[in-house]
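Look through the sequence and the model below before reading on. The paragraphs that follow go from the chain as a whole to its core, then to single residues and the backbone.

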Amino acid sequence: MRVKKLIASALSFVLCIGNMTAAYAAAETMQTTYVHTKKFIETAAESSDNSASVVTIKLGDVNGDSFIDAADASAVLSAYAKLSIGAFSDFTLMQTVASDVNKDSIIDAVDASNILSYYAYASTLKTSLLPIESFMKNKSEAGATTTTTTIVTTITTTTTATATMLASATKTSATAATTSISNTVSPATTTASATTTKAPAIEVTTTTVPKPTSTTSIISTTSTIPITSTTSTTSTTSTTSKTSAIPMTSTTSTKFTTSTATTSTSTTILSTTTTLDPKKVTEIKLSKTEITLNVGGGDISMVTMLPATAADKSEKWTSSDTSIATVNFEGWITGISEGVCTVTVQSVSNPKVKSEIQVTVIDPTRVREIKLSKNEMTLPVGSTDISMVTMLPDNAANKNEVWISSDENVATVTEEGLVRGISPGNCIVTVISKSNPDIKAEIKVKVTDKNQPISISLSDYELDILTGTLGISYVTTLPKTAVPISEIWISSDPSIASVDKFGNIYGVSAGTCSITVSSADDPDISATIKVNVHNRPIITSIATTTTTSFTTTTTTTTITTTATTTSTTTTSSTTSKPAITTHLIQSHNGATYVDGILIVNKTYSIARDYPADELTANTEEHFRLLQEDAAKLGLKIVCSSGFRSYDYQEELYNNYVSTDGVLAADTYSARAGHSEHQTGLAIDVNSISDDFIGTAECEWLEKNAHKYGFIIRYPKGKEAFTGFRYEPWHIRFLGVETATKVYESGLCLEEYLGIDSYYH
């Protein structure tokens, strides 16, 4: 600690100052801060130790509160600001001495900076503190490194004054001619380091101020302090160098009698940067900022309050729409209804700090999609149609529909989706989910005149026929009220299958092609049949015919083999190896038996006098069992046509030929002698037409007939082998064992026995 003993001589100095003449006081006021402060401090320091009293001064403790802190630095800066513009600092003598901590006889920002440096040093080191005198000495010797955050206020004052000094120095007149003040505030951060930046010296030119006389003299002082990051003090006999974190240029010129004085001063005011409270929440981080929930589901986003040292980390949770999602005090979010809302978490201790979560709630049982079985329909006036609706997902809770027609003058629609044509034209029928009106599907509806054909329906859209045989697919014009169309038949490849004007398709060679039938008046009304033409099965006779004659019976036995070609491929060549299946063919009383089974088809016939006049007993008995078991399931199967005589079959066939022609008749009716009905082993059930197809009886019969000894004699897709169109109503009795084997093979009877069926 620096102690000055100020005796009576110091007090005399103060009195001396008070008794200065008015003229000298005026002249001193016009001098620079440097001259004013330096003279004041040096005079006090030169006071004799032979004082009548002793005053103890603590260096740096400007306000006398026994602490060296930022308040002392602020007081120094305040005094410096006043001195810089030529005013008095209002400091007492003791405050003036305590302020000059670097002992350069100047009170300025450097002293304030040094006080702050010592304050920072004392704040971080609680024991073994150096006195400020020792701290300043070490700092001067080792070079100081200081980091200061400042707000710089530059005040520039220019004053031009004219003063007339009377020769007797009893009167002073000063006239302020011009005064201008400009303030600039800018934050700055400087780092002072004596080891990296050399501070340029302050250039000071001083002319001694004489006491006032009748002569005229000029005192000129010029000080220049550039911006730098180093604080240093250099003293010589003629130059004082000071560098601080403030730009300063000061020029003073004083002229007595008649003179002009100009003063320009820059002042820096230091302030301390605000420090965040380490115990107060300043930020909230979330593990999730977006959450998607099902209605009734829940989720949470984990919260982190920062900084970790915050004393109160309690949370406050709110939802922007509690009808969509709610949140409890712990942050658990629950989905209430479908929609989007925002959940916010706030710091209780600092409500300005918050974070948000976007919450999307989805109802998993709500309809999301509608699929239709038809997206377009054409119907004549007065007719109806419907498109089947599927609401997705399957577990949708409310699948109710709302149906709307865009033009009820064209078509109307019921609550169930049944569309009815009202008048020719076009409209849109829309189905909407009642639970989710945003979900919808549309049907384009075209209503036509009821007499106008709109489409063609076929009995078969795919045919399999053998080379040299015929096939046909029957045409129906829709609507049924429409005038029948004139048909045009075209084959895509006549070398595979040809077609006549009646639609009779003839197999020419193996391959696949398409047959198209269209309206002669409207080519857009058309339908297509896929035709597969197959080669005939290969049947080779192996054994010679042996004839055994009895009294009235003739039996011819022929052993045949069916060769099936299989290919085996190797890396160098391809070889074919036939697989031979042997069948026994016998002729007895004009009838043909293959492996003991009576065969009647287009290839094999029976004579006019074949001994049968009704269904065989076995056939009739097994059919009765079939009927009874079907009836137990609520199914009704009846015999529509059983035994037919040769003459009846001949008459029936000829009637078909006269109506449809030979080629067409041969696809669905057998010639006399080639019909199974003449054997007493075949039955036509229920409706002998396509109306039977798809009925419950039809489907049950197909899957169960073999259990009673029957097979579907002309199955679908086997037309090329049987020679007849698909007839699910025509069953043939073989016995339970044989019928089951044929059913399980998946073959028709011709395939199973290796025979063909075509008229020679």
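**From the chain to its details**

Serine 105 sits in the loop that runs between H5 and H6. It will come up again with the backbone geometry, after an account of the whole chain.

The model is a predicted one. Its pLDDT averages 75 over the protein chain, and 69% of the residues score at least 70. Residues 1-36 have a pLDDT below 50, although this stretch has 68 contacts in the model beyond near neighbours in sequence. Residues 47-53 also have a pLDDT below 50, with 17 contacts beyond near neighbours in sequence.

The protein chain contains 14 helices and 44 strands. Of its 760 residues, 40% are buried. The chain exposes about 39,400 Å², and 53% of that area comes from carbon and sulfur atoms. When contacts are counted between residues at least 6 apart in sequence, 62% of them join residues at least 24 apart.

In soluble globular proteins, nonpolar side chains tend to be buried together. The largest nonpolar core here has 26 residues, and those that touch the most other members are Phe623, Leu626, Ile637, Val685, Leu701, Phe710 and Ile731. Elements H8, S42, H11, S43 and S44 each supply at least two residues of this core.

Which residues of helix H11 are buried? In this helix, residues 696-704, they are Glu697, Cys698, Trp700, Leu701 and Asn704. Their cover includes helix H8 (617-632) together with the strands S42 (682-685), S43 (710-714) and S44 (727-733). Leu701 is thus named both among the buried residues of H11 and among the core residues that touch the most other members.

Valine 685 gives a second view of this region. Leaving aside neighbours within four places in sequence, valine 685 is in contact with Phe623, Ile637, Leu701 and Ile731, among others. These four also belong to the core residues that touch the most other members. The further contacts of valine 685 are Val638, Ser640, Phe692 and Trp729.

Another set of contacts involves strands S26 and S33. Isoleucine 456 is found in strand S26, residues 455-458, and serine 518 is found in strand S33, residues 511-519. Is isoleucine 456 buried or exposed? With a relative accessibility of 8%, isoleucine 456 is under the 20% limit and so counts as buried. Serine 518 is buried too, because its relative accessible area is 13%.

Beyond neighbours within four places in sequence, the contacts of isoleucine 456 include Val517, Ser518 and Ser519. Isoleucine 456 also touches Tyr461, Val475, Thr476, Ile485, Ile525, Ser526 and Ala527. Serine 518, with its own neighbours within four places set aside, is in contact with Ile456, Ile485, Ser486, Glu487, Ile488, Pro523, Ile525 and Ser526. Ile485, Ile525 and Ser526 therefore appear in the contacts of isoleucine 456 and in those of serine 518, two residues that are buried. Isoleucine 456 and proline 479 are 23 residues apart in sequence, and their C-alpha atoms are 8.8 Å apart in space.

Some nonpolar side chains are at the surface. Ile386, Met388 and Leu418 make a nonpolar surface patch of about 250 Å². Isoleucine 386 has its place in strand S19, residues 384-386. Its relative accessibility is 32%, so isoleucine 386 counts as partly exposed.

The last topic is backbone geometry. Most residues other than glycine have a negative phi, and most peptide bonds are trans. Where does lysine 103 lie? Lysine 103 is in the loop between helix H5 (93-99) and helix H6 (109-124). Lysine 103 has a positive phi of about 55° although it is not a glycine. Serine 105, in the loop between H5 and H6 as well, has a positive phi of about 65° and is not a glycine either. Lysine 103 counts as partly exposed because its relative accessible area is 48%, whereas serine 105, at 14% relative accessibility, counts as buried.

Two cis peptide bonds can be described. One joins leucine 306 and proline 307, with an omega of about 0°. Proline 307 has its place in the loop between strand S11 (303-306) and strand S12 (315-319). Another joins leucine 392 and proline 393, with an omega of about 5°. Proline 393 lies in the loop between strand S20 (389-392) and strand S21 (401-405).

Notes
Residues numbered from 1 in each chain as written. Predicted model: local features only at pLDDT ≥ 70, side-chain atom pairs only at ≥ 80, totals over all residues. Heavy atoms only, no water. Buried < 20%, exposed > 50% of the residue type's maximum accessible area, 1.4 Å probe, protein only. Helix = DSSP H or I, 4+ residues; strand = E, 2+ residues; numbered from the N terminus. Contact = heavy atoms within 4.5 Å. Patch = residues over 30% accessible without salt bridge, like charges linked within 9 Å, V, L, I, M, F, W, Y side chains within 5 Å. Areas by Shrake-Rupley, 256 points an atom, 1.4 Å probe, with all protein chains shown as cover. Salt bridge = Lys/Arg side-chain N within 4 Å of Asp/Glu carboxyl O. Core = buried A, V, L, I, M, F, W, Y, C linked by side-chain atoms within 4.5 Å. pLDDT = per-residue confidence, 0-100.
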